Structure formats: C-alpha cells, structure tokens
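Reader: I have just opened this one and have never looked at it before. Could you walk me through it, if I keep my questions short?

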Amino acid sequence: MSETPNAQADSAPEGDSPIFSAQKSGQSSEYKPRVAAFLCNWCSYTASDLAGTARIHYSPNVRIIRVMCSGRVDPTFVLKSFALGADGVLIAGCHPGDCHYIDQNYKTMRRYTMLRYFVEQMGIEPDRLRLVWASAAEGQYLADSITGFVEDLKKLGPLNWKANWEENGERAKALEDIVHEHAEAMEVQP
Ligand code: FES
C-alpha cells in the first residue's frame with residue numbers, strides 16, 4: 001500500500017504547505033476549509049486509496065493522517081488539530097462490528113460524542129468534528145463524505161481560533177508531526 005493515498009482533488013499550488021494547499025490571505029476569495037482527516041488503516045484509508053485509484057475527486061485541503069484504528073485517535077489529536085489551525089476534523093473508521101480490533105470503534109463513538117460536547121465548551125462548533133464509517137470498498141462514499149463535510153464547513157466559515165495557520169507556517173508542519181510523534185503507538189511508519 002502506498003504511504004499516502006492517491007486521492008487528491010487538486011494538486012497544491014507550488015510553494016504551498018504539503019499539509020494543506022493552504023489558502024493564503026489575498027490569494028483567493030474562495031474560502032477553502034482545512035481539514036485534518038484521521039483514517040483507520042484497514043478500512044477508511046484503503047477506501048481513500050481506492051478513491052485515488054478510481055480517480056474519484058474530493059475536496060482539496062484535506063490532510064489525511066493514517067492511524068491503525070479509529071480507536072487510536074486520542075482526543076488530544078483532535079484538539080491539537082484545531083489548535084494548529086484546522087477548520088474541521090474528520091475521523092473515519094470501519095463500520096461498527098467490523099473493527100479489526102474488535103470493538104475499538106465503539107470506543108470511538110463514545111469519544112466522538114464526548115468530544116463534540118467538549119469542543120463546544122471551548123467555543124468550537126461541534127459540527128466541525130465528524131465521524132464517518134467507510135469500508136475499504138466505499139471509496140466513493142468516503143470521497144462524498146469528505147466533500148460534504150467541507151461544504152458544511154464552508155457554511156460555518158473559518159474557525160479563526162487564536163492559533164491561526166497564517167500566523168506561523170510551522171503550525172502546519174506540527175500537524176504532520178503528529179504522525180511522527182505517535183508513530184510507535186500508531187504502528188505506522190511515517
Ligand atoms: S480497525 Fe478500523 S475502526 Fe478499528
């Protein structure tokens with residue numbers, strides 16, 4: 001399996017961050033939400049690979065981070081993504097009952113419910129967080145889910161949290177570093 005999924009709607013403009021095709025102020029009037037997407041290795045990441053192989057397009061500005069299971073998405077990953085400037089965070093995993101680690105995605109469901117409540121207390125709209133179940137065969141569904149999420153984020157507008165992306169380009173790099181920081185636990189070689 002390739003290290004990074006092939007599915008990317010539009011290639012990032014030259015010179016942009018490898019994390020997101022980051023919109024720079026004044027570059028375009030169109031708002032492109034930045035999304036951190038944590039995909040389970042066994043189902044959803046494979047679905048994104050399938051989408052790429054099938055040349056199914058989905059919205060750009062999505063930084064895919066592969067984890068071994070949706071249950072491995074520590075709540076701090078989500079909070080850190082927002083702190084680093086993501087406008088939305090998507091978690092995708094195997095359908096309930098299909099988790100390769102038995103019942104870890106049920107834990108994901110519980111965390112998701114808790115996190116939606118928690119981020120709201122922090123002034124972040126809970127709809128900036130989304131959970132999707134996508135099997136390895138559901139490349140089209142995953143692509144549609146990502147695009148739908150991005151469209152919903154456009155309606156919400158930029159998060160504009162204090163830690164804004166444009167303030168420091170290194171923040172984008174820091175998001176990518178999540179993978180490196182937790183590589184051992186994630187069992188994924190970055
Ligand atoms: S292995 Fe995919 S959600 Fe657990």
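Reader: What order do the strands of the open sheet have, and is the pairing parallel or antiparallel?
Author: In this predicted model, the open sheet consists of four strands in the order S2-S1-S3-S4, and their pairing is parallel.

Reader: Which strands stand at the edges, then?
Author: Those are S2, covering residues 62-67, and S4, covering 129-133; each has a single partner strand, so one side of each is left without a neighbour in the sheet. On average, and ignoring direction, neighbouring strands of this sheet are turned by 20° against each other.

Reader: How many bridges join S3 to S4?
Author: Strand S3, residues 88-93, is joined to S4 by five bridges, and the two run parallel. Within that pairing, Ile91 is the residue opposite Leu131 of S4.

Reader: And how much of S4 is covered?
Author: S4 is mostly covered, with five of its five residues buried. Leu129, Leu131 and Trp133 point one way from the strand, while Arg130 and Val132 point the other way, and all of them are buried. As a general matter, side chains in a regular strand alternate between the two faces of the sheet.

Reader: How does the chain get from S3 to S4, and what is the hand of that crossover?
Author: The chain passes from S3 through helix H3 to S4, making a β-α-β crossover that is right-handed. Helix H3, residues 104-121, lies across S3 and S4, and runs at about 160° to S4.

Reader: Which strands does H1 lie across?
Author: Helix H1, residues 44-53, lies across S1 (35-40), S2 and S3, and its direction is at about 110° to S1.

Reader: Back to H3 for a second: is Arg110 buried or exposed?
Author: Arg110, which has its place in helix H3, counts as exposed because it has 11 C-beta neighbours inside 10 Å, where the cut-off for exposed is 12 or fewer. Its C-alpha atom is separated by 9.9 Å from that of Gly71, a residue 39 places away along the chain.

Reader: New topic: which residues of H2 are buried?
Author: In helix H2, which spans residues 75-83, the buried residues are Phe77, Val78, Ser81 and Phe82. Viewed down the axis of H2, they fall within an arc of 135°, so they line one face of the helix. The general background is that an α-helix has 3.6 residues a turn, so residues three or four places apart point the same way.

Reader: What follows H2?
Author: H2 is followed by Gly85, which has a positive phi, near 115°.

Reader: Zooming out, what pattern does the whole protein follow?
Author: The secondary structure comes to six helices and four strands, and along the sequence these read β-α-β-α-β-α-β-α-α-α. Of the 190 residues, 45% count as buried. Among contacts between residues at least 6 apart in sequence, 80% join residues at least 24 apart.

Reader: Last one: where is confidence lowest, and where is it highest?
Author: Confidence is lowest in helix H6, residues 183-186, with a mean of 52, and highest in S4, with 97. The pLDDT is below 50 over residues 1-27, a stretch that has 47 contacts in the model beyond near neighbours in sequence. Residues 186-190 also have pLDDT below 50, with 14 contacts beyond near neighbours in sequence. For the protein, the mean pLDDT is 78, and 69% of the residues reach 70 or more.

Definitions and conventions:
Residues numbered from 1 in each chain as written. Pairing = 2+ DSSP bridges. Axes fitted to C-alpha atoms, helices over the stretch in contact; angles between N-to-C directions. Contact = placed C-beta atoms within 7 Å. Buried ≥ 20, exposed ≤ 12 C-beta atoms within 10 Å, placed from the backbone. pLDDT = per-residue confidence, 0-100. Arc of directions from axis to C-beta. Right-handed = clockwise from strand over helix to strand, strands pointing away.
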